[in-house]
Amino acid sequence: MAEEPFTEIKVRIGPQPPARLDKALARDVPEGHGLSRSRVVKLIEDGAVSREGEVLDNVRLKVSDGDVLTLRMRQPAEVETRAQEIALDIIWEDEELIVLNKPAGMVVHPAPGSPDYTLVNALLHHCGDSLSGIGGEKRPGIVHRIDKETSGLLVVAKSDRAHQGLAAQFERHTVMRRYLALVHGVPDAGDPRLRGMRGVSFETGNILKVTSQLARSKTDRQKQAVVWANGRHAITRARRLESFGTPPALALLECWLETGRTHQIRVHLAHAGHGLVGDPVYGGRRKLSERALGVDGVAACAGFARQALHAATLGFAHPVSGEMLDFSAPLPPDMEGLLEVLRMSRPNTTQ
């Protein structure tokens with residue numbers, strides 16, 4: 001049997017190392033290898049770290065200034081997920097990362113119900129040999145996701161160091177993400193219904209702010225729910241760009257996230273009573289008024305087959321060069337078409 005291919009990396013521990021092996025190693029590993037601390041922990045636990053021939057398999061071991069550690073890592077393996085030739089709307093790409101405009105209907109990552117024709121399948125084909133080993137596998141580094149039926153911008157890492165750098169920015173909430181959402185009703189600071197609603201407030205400029213914790217719903221494990229304890233902190237802000245109907249019945253909002261939780265915008269807007277048009281999970285069953293929106297407007301909303309949500313802008317620091325990058329993606333044809341029908345069906349009111 002052929003010997004399994006390994007790569008050895010020598011790491012010299014610098015002055016005043018952290019008290020734990022995993023922290024010291026994560027700090028001093030050469031930057032070009034881009035190993036995250038979680039990857040370092042796994043290497044230690046797998047017995048892949050040694051000092052002068054002694055295996056160091058406890059993350060709490062201490063190391064000293066000048067120690068030379070050896071990391072013995074398997075060369076990146078090909079993942080089982082198969083590459084598939086699927087068209088991608090590439091906004092920007094270099095050797096470290098790729099920014100793309102995901103269409104509605106595309107799942108980001110393979111799962112039991114969606115093993116093929118996902119974004120990852122498409123990226124494996126597109127990137128080919130340009131992918132380096134992320135987490136020990138040749139695969140794209142997914143640092144954030146948007147729902148299957150949400151369209152818009154995503155950044156994906158092509159190298160381990162890019163993955164580590166991007167993940168750190170998302171963890172610090174320094175990535176700028178703005179979404180466009182078409183919602184039922186028109187959020188307004190003067191709405192007496194919203195005054196006193198737990199977790200809902202307004203900031204200067206009539207900006208809606210929803211603050212809560214989010215956790216899996218106790219009645220439906222596929223859903224997220226607003227909770228006030230034992231969840232994950234989440235803050236969403238939204239500003240009205242345009243309203244539709246006479247009287248106004250729908251609003252186009254610009255939303256931005258202080259945190260990034262699963263289904264966050266959909267859950268928070270639904271909590272405030274402004275669920276997304278077309279959202280079968282959180283939008284609720286809303287009867288729209290033909291008097292307000294016209295026959296065509298009501299029909300267009302009823303026929304919109306997904307949540308009306310688009311990840312429109314994305315900004316972050318390049319994880320290797322440090323250059324600030326900003327991207328935007330226009331509304332997809334289905335959402336733009338819906339707005340055009342609403343604008344023509346009844347006079348609209350701009351803010």
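## Salt bridges

A salt bridge is taken here as a side-chain nitrogen of Lys or Arg within 4 Å of a carboxyl oxygen of Asp or Glu. By this rule, the structure, which is a predicted model, holds 20 salt bridges.

One of them joins the side chains of Arg161 and Glu96, with an N to O distance of 2.5 Å. Arg161 belongs to helix H4 (residues 160-172), whereas Glu96 sits in the loop between strand E6 (90-93) and strand E7 (97-102), so the contact ties together parts that are 65 residues apart in sequence. The two partners can also be described by their accessibility. Arg161 is partly exposed, at a relative accessible area of 29%, while Glu96 is buried, at 4%.

## Pairs within domain 3

The domain assignment divides the protein chain into domain 1 (6-74), domain 2 (90-172) and domain 3 (177-313 + 330-344). Between domain 1 and domain 2, the C-alpha centres are 28 Å apart.

Two further salt bridges have their residues in the ranges given for domain 3. In one, the side chains of Glu254 and Arg178 meet at 3.5 Å, N to O. This pair links distant parts of the chain, since Glu254 is in strand E17 (residues 250-257) and Arg178 in strand E12 (residues 176-184), 76 residues apart. Glu254 has a relative accessibility of 16% and counts as buried, because the cut-off for that class is under 20%. Arg178, with a relative accessible area of 26%, is partly exposed.

In the other, Arg343 and Glu242 form a salt bridge through their side chains at 2.9 Å, N to O. Here too distant parts of the chain are linked: Arg343 lies in helix H7 (residues 333-345) and Glu242 in strand E16 (residues 232-244), 101 residues apart. Arg343 is partly exposed, with a relative accessible area of 25%, and Glu242 is buried at 9% relative accessibility. Apart from these pairs, a network of salt bridges links Glu203, Lys209, Arg237 and Glu258.

## Strand E14 and its partners

Strand E14 (207-216) has seven buried residues out of 10, so the rest of the structure largely encloses this strand. E14 pairs with several strands. With strand E13 (residues 200-203), E14 runs antiparallel and is joined by four bridges; in this pairing Val200 stands opposite Val210 of E14. E13 and E14 make up a hairpin with three residues between them, and Gly205 in the turn has a positive phi of about 90°.

E14 is also antiparallel to E16, with seven bridges between them, and Ser212 faces Ala234 of E16 across this pairing. A further antiparallel pairing, with four bridges, joins E14 to strand E15 (residues 224-227). In that case, Val226 of E15 is the bridge partner of Leu214.

## The largest pocket

The largest pocket has a volume of about 1300 Å³. Its lining consists of 37 residues, and those closest to the centre of the pocket are Arg145, Ile146, Asp147, Thr262 and His263. By class, the lining comprises 14 nonpolar, 12 polar and 11 charged residues.

Domain 2 and domain 3 each contribute at least three residues to this lining. Among secondary-structure elements, E12, E14 and helix H5 (264-271) each supply at least two. E14 therefore combines a role in the pocket lining with a largely enclosed setting, seven of its 10 residues being buried. E12, another contributor to the lining, is also the strand that holds Arg178, the salt-bridge partner of Glu254.

Key. Residues are numbered from 1 along each chain as its sequence is written. This is a predicted model: local features need pLDDT of at least 70, side-chain atom pairs count only at pLDDT 80 or more; totals for chains, interfaces and linings use all residues. Side-chain values use heavy atoms; hydrogens and water are left out. Domain bounds come from an automatic or database domain assignment. Buried means under 20% relative accessible area, exposed over 50%, partly exposed in between (1.4 Å probe, protein chains only). On a 1 Å grid over the protein atoms alone, a cavity is a set of points where a 1.4 Å probe fits but cannot get out, and a pocket is an open set with protein on both sides within 12 Å along at least five of seven lines; lining residues have an atom within 4 Å of a point. Grid points are joined across faces, edges and corners, and a volume is the space filled by probe spheres set on the points. Ala, Val, Leu, Ile, Met, Phe, Trp, Tyr, Cys and Pro count as nonpolar, Asp, Glu, Lys and Arg as charged, and the others, Gly among them, as polar. Two strands pair if DSSP finds at least two bridges between them.
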